[in-house]
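Reader: I have a model open and want to go through it before I set anything up. Can you walk me through it?

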Amino acid sequence: MGSPREATHEEHLVWMDIALQEARRGGEAGEVPVGAVVVQDGVVLATAHNQPIALQDPTGHAEILVLRAAGRQVGNYRFPEATLYVTLEPCMMCAGALLHARVARLVYGAADPRGGGVESVYRLLDDPRLNHRIKVVSGVRAEESQALLHEFFLARRQAPDSCGSGWASGRGTEVDVTGPTRNRVVPR
């Protein structure tokens with residue numbers, strides 16, 4: 001068991017296209033458009049997109065869901081010869097899951113300057129105290145990945161019920177978002 005063969009740039013583009021398709025599916029469902037795919041030996045093991053709203057699960061990120069699906073597919077929770085492609089830089093939770101899954105390589109599209117756990121804000125995968133290393137390729141289809149996110153949030157800001165959790169809950173609930181409770185949803 002070793003590292004997977006290094007994919008060519010063209011192969012990265014092909015696999016990232018699948019992740020972008022998943023991201024679009026998520027966006028169409030009202031989820032933040034992030035998509036992921038796990039590939040091993042040139043075969044797609046699983047695909048997923050963000051679903052924390054639909055699943056009512058804060059861990060319902062594309063990376064977590066694709067690792068779960070791939071694990072069911074191969075009958076194991078570790079992927080020492082697999083590459084995970086995702087349209088947005090993983091957060092700390094997802095970066096931790098990649099480490100626990102022993103993924104060989106991570107390829108991501110857009111950087112996440114507010115919550116990236118790989119390079120932008122935190123550098124969890126570079127922590128020398130950890131016993132697993134993941135090869136990272138960043139910026140693959142970054143412009144397309146970023147455009148999906150930009151369009152999604154622009155549409156949400158322009159929607160009539162865009163304050164608070166209306167778009168996330170589907171209820172259009174009015175909320176107070178001032179003072180010390182500005183990060184909490186407080187129905188009126």
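**Sheet, cores and salt bridges**

Author: Start with the sheet: it is open, has five strands in the order 2-1-3-4-5, and its pairing is mixed. Keep in mind that this is a predicted model.

Reader: Which are the edge strands?

Author: Strand 2 and strand 5, each of which pairs on one side only.

Reader: And the twist, what does it average from one strand to the next?

Author: The average is 15°.

Reader: How do strand 3 and strand 4 run, parallel or antiparallel?

Author: Strand 3 and strand 4 are parallel, and five bridges join them. As a reminder, strands of a sheet pair through backbone hydrogen bonds, in either a parallel or an antiparallel way. For Leu84, the bridge partner in strand 4 is Leu106.

Reader: Which strands does helix 5 touch?

Author: Helix 5 packs on the sheet and touches strand 3 and strand 4. The direction of helix 5 makes about 60° with that of strand 4.

Reader: New topic. How many residues are in the largest nonpolar core?

Author: That core has 33 residues. Those with the most contacts inside it are Val38, Leu67, Phe79, Leu84 and Leu106.

Reader: Which elements give two or more residues to it?

Author: Four strands and two helices are on that list: strand 1 (35-40), strand 2 (43-49), strand 3 (82-88) and strand 4 (105-110), plus helix 3 (62-74) and helix 4 (92-100). Helix 3 supplies the largest share, six residues.

Reader: Leu106 has come up twice. What is it in contact with, sequence neighbours aside?

Author: Leaving out neighbours within four places in sequence, Leu106 contacts Leu84, Val86, Pro90, Leu98, Val118, Leu125, Ile134, Lys135, Val136 and Val137. So Leu84 is both a contact of Leu106 and its bridge partner.Reader: What about another core, apart from that one?

Author: A separate core has 13 residues, among them Trp15, Ala19, Tyr85 and Leu148.

Reader: On to charges. How many salt bridges does a search of the whole structure find?

Author: Seven. Side chains of opposite charge can pair when their charged atoms come close.

Reader: Which residue does Glu6 form a salt bridge with?

Author: Glu6 pairs with Arg105, with 3.0 Å between the closest N and O atoms. Glu6 is in the segment before helix 1 (9-28) and Arg105 is in strand 4, so this salt bridge ties together parts 99 residues apart in sequence.

Reader: Is Arg105 buried or exposed?

Author: Arg105 counts as buried, because its relative accessibility is 2% and the cut-off for buried is under 20%. Glu6 is at 44% and counts as partly exposed.

Reader: Which side chain does Asp17 meet in a salt bridge?

Author: That of Arg141, at 2.8 Å from N to O. Arg141 sits in the loop between strand 5 (135-138) and helix 5 (142-158), Asp17 sits in helix 1, and the two are 124 residues apart.

Reader: How do Arg141 and Asp17 count for exposure?

Author: Arg141 is partly exposed at 22% relative accessibility. Asp17 is also partly exposed, with a relative accessible area of 28%.

Reader: And Asp127, what does it pair with?

Author: The side chain of Asp127 meets that of Arg129 in a salt bridge, 2.5 Å from N to O. Asp127 is buried, with a relative accessible area of 14%, whereas Arg129 is exposed at 73%.

Reader: Last one: which residues do salt bridges with shared partners join into one network?

Author: Asp17, Arg141 and Glu144.

Conventions: Residues are numbered from 1 along each chain as its sequence is written. This is a predicted model: local features need pLDDT of at least 70, side-chain atom pairs count only at pLDDT 80 or more; totals for chains, interfaces and linings use all residues. Side-chain values use heavy atoms; hydrogens and water are left out. A nonpolar core is a set of buried Ala, Val, Leu, Ile, Met, Phe, Trp, Tyr and Cys residues joined through side-chain atoms within 4.5 Å. Buried means under 20% relative accessible area, exposed over 50%, partly exposed in between (1.4 Å probe, protein chains only). Contact means heavy atoms within 4.5 Å. A salt bridge is a side-chain nitrogen of Lys or Arg within 4 Å of a carboxyl oxygen of Asp or Glu. Two strands pair if DSSP finds at least two bridges between them. Axes are lines fitted to C-alpha atoms, for helices over the stretch in contact, and angles run from 0 to 180 degrees between N-to-C directions.
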